[in-house]
Amino acid sequence: MEPNHVLLIGFLTIILLGSLLLSLPIAHNRGISLAYVDALFISASAVCVTGLVTVDVALTFSLFGRTVIAFLILLGGLGFASIVISFSLLLGMNVNLSQRLFIKEAYNLSSMKGTLSIVRAVLISSFLIQGLGTVVEYFVFVQTYSPLDAFGHALFNTISAFNNAGFDLMGGYQSLSAYQGNVVMNLTTAVLIILGGTGFFVLADIARNRKWSNLSMHSRIVLLMNGTLITLGFLFFVAVEKLTPLAAFFQSVTTRTAGFNTVDISSFSQAGLLFAMLLMFIGASPGSTGGGIKTTTTFALLLSLGSLMFRRESAAFKRKVSGESILKAFQVLLLSFLLVLLGSLSLLLIEQDAFDFVAVLFETVSAFATVGLSCGITPSLSTLSKVVLVVIMFAGRVGPITIATSLKAKSSHLGYIEEQIFIG
């Protein structure tokens, strides 16, 4: 079986198992009943580290249910490949060539070099960072909750933030609105989101080399794009949406992939919603817990456009970007655009114009980019529309390219005569 097939089946299996666990009566608070489609949606949202919900997580799920959701977020954030290889390493089993190919496919690596060290780095760094985040956020939550409840909130929030999931236990769909002015909560959660969305390879590269000049081209691109997008988002939200500097910074960070919010997203202007959709669509970086078309894809697209306009090579940091990478970037862009377009069209047809077009598009982009921000319409969607969003979240998490290549038939050895066509 091809690695991308294993990846798809693995994620799908975890989602289905999670939906069954969340359907159990023990997973719900007393007096709460949950339709299976909602259990499936929450499971898919957790595994795909999205954060969109059809029910109030705090009011619906018991301690068991919340624990299941937290584990699903962890599994989704680490990735199915890391889970499989981790068990192999723990059991002392040899990791064969097919498993290394599996890791390469899951993390979109250019080669199989250092695949096992990547898995180890992912596991160690993720648990270390989440542990530190839990300690810091505990001292914020303990001011409002009992020590045990504060620990539960801190652990869940940290897992959700680092894995860019956006789930919360605040209740009332308010996310972190109650902590809008809390500097420690905002900065800690933002840092967790940034670290999770930056990618494990970049974090490892920084830990090894430390100097900008010694970093790989990939790491430089990721750091440059992260800084640029966060700054642009901050300036836009301050100028257009009139947010406070702290709220604007937090929203700029979380909009790209995490889905937490300290302000009411539905109150944004049309321009604000469109800009937020752009940030969501770009998303996080390769090898991270976030979604979207990725920062490196966006950089390659801009580099190609600059090459066309100024008639120069597609190069940056004294390195040329390969034509294959540019082509793949455009393929990702086209597939992602088609997925969002078809998803939005499906929702509009199913819901019969019951919701505003911008709200439907926002929800679809949020699902594809595994962000979780919402204009508030997801809980009101019909069963079929929820299933459509589940499919979009799944496609966004595993990647359009992975799905497209898994569907291709075996190539024929027959070649064809090349001929030019008019473009543009």
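## Exercises on a predicted model

Lysine 386 and aspartate 38 are both buried. The model is predicted.

**Exercise 1.** Which parts of the chain does the pair of lysine 386 and aspartate 38 link?

*Solution.* Start with the contact. The two side chains form a salt bridge, N to O, at 2.9 Å. Next, place each partner. Lysine 386 sits in helix α17 (residues 383–398), and aspartate 38 in helix α2 (residues 36–47). The pair thus joins distant parts of the chain, 348 residues apart.

**Exercise 2.** Classify aspartate 205 and arginine 208 as buried or exposed.

*Solution.* The cut-offs are under 20% relative accessible area for buried and over 50% for exposed. Aspartate 205 has 4% relative accessibility, so aspartate 205 is buried. Arginine 208 has 60%, so arginine 208 is exposed. Now check the pairing. The closest N and O atoms of this salt bridge are 4.0 Å apart. Both residues lie in helix α10 (residues 200–209); they are three residues apart, which means a separation of about one helical turn. The structure holds two salt bridges.

**Exercise 3.** Locate phenylalanine 167 and phenylalanine 337 relative to core and surface.

*Solution.* Take the core. The largest nonpolar core has 86 residues, and Phe167 is among those with the most contacts inside it, with Ile69, Ile73 and Phe362. Helix α13 (residues 270–282) supplies the largest share of this core, eight residues. Phenylalanine 167 touches residues including Ile69, Ile73, Phe156 and Phe260.

Turn to phenylalanine 337, in helix α15 (residues 323–351). Its relative accessibility is 49%, so phenylalanine 337 counts as partly exposed. Phe337 belongs to a nonpolar surface patch with Leu334, Leu338, Leu341, Leu342, Leu345 and Leu349. Together they have about 690 Å² of accessible area.

How values were computed
Residues numbered from 1 in each chain as written. Predicted model: local features only at pLDDT ≥ 70, side-chain atom pairs only at ≥ 80, totals over all residues. Heavy atoms only, no water. Patch = residues over 30% accessible without salt bridge, like charges linked within 9 Å, V, L, I, M, F, W, Y side chains within 5 Å. Areas by Shrake-Rupley, 256 points an atom, 1.4 Å probe, with all protein chains shown as cover. Helix = DSSP H or I, 4+ residues; strand = E, 2+ residues; numbered from the N terminus. Buried < 20%, exposed > 50% of the residue type's maximum accessible area, 1.4 Å probe, protein only. Core = buried A, V, L, I, M, F, W, Y, C linked by side-chain atoms within 4.5 Å. Contact = heavy atoms within 4.5 Å. Lists of a residue's contacts leave out its neighbours within four places in sequence.
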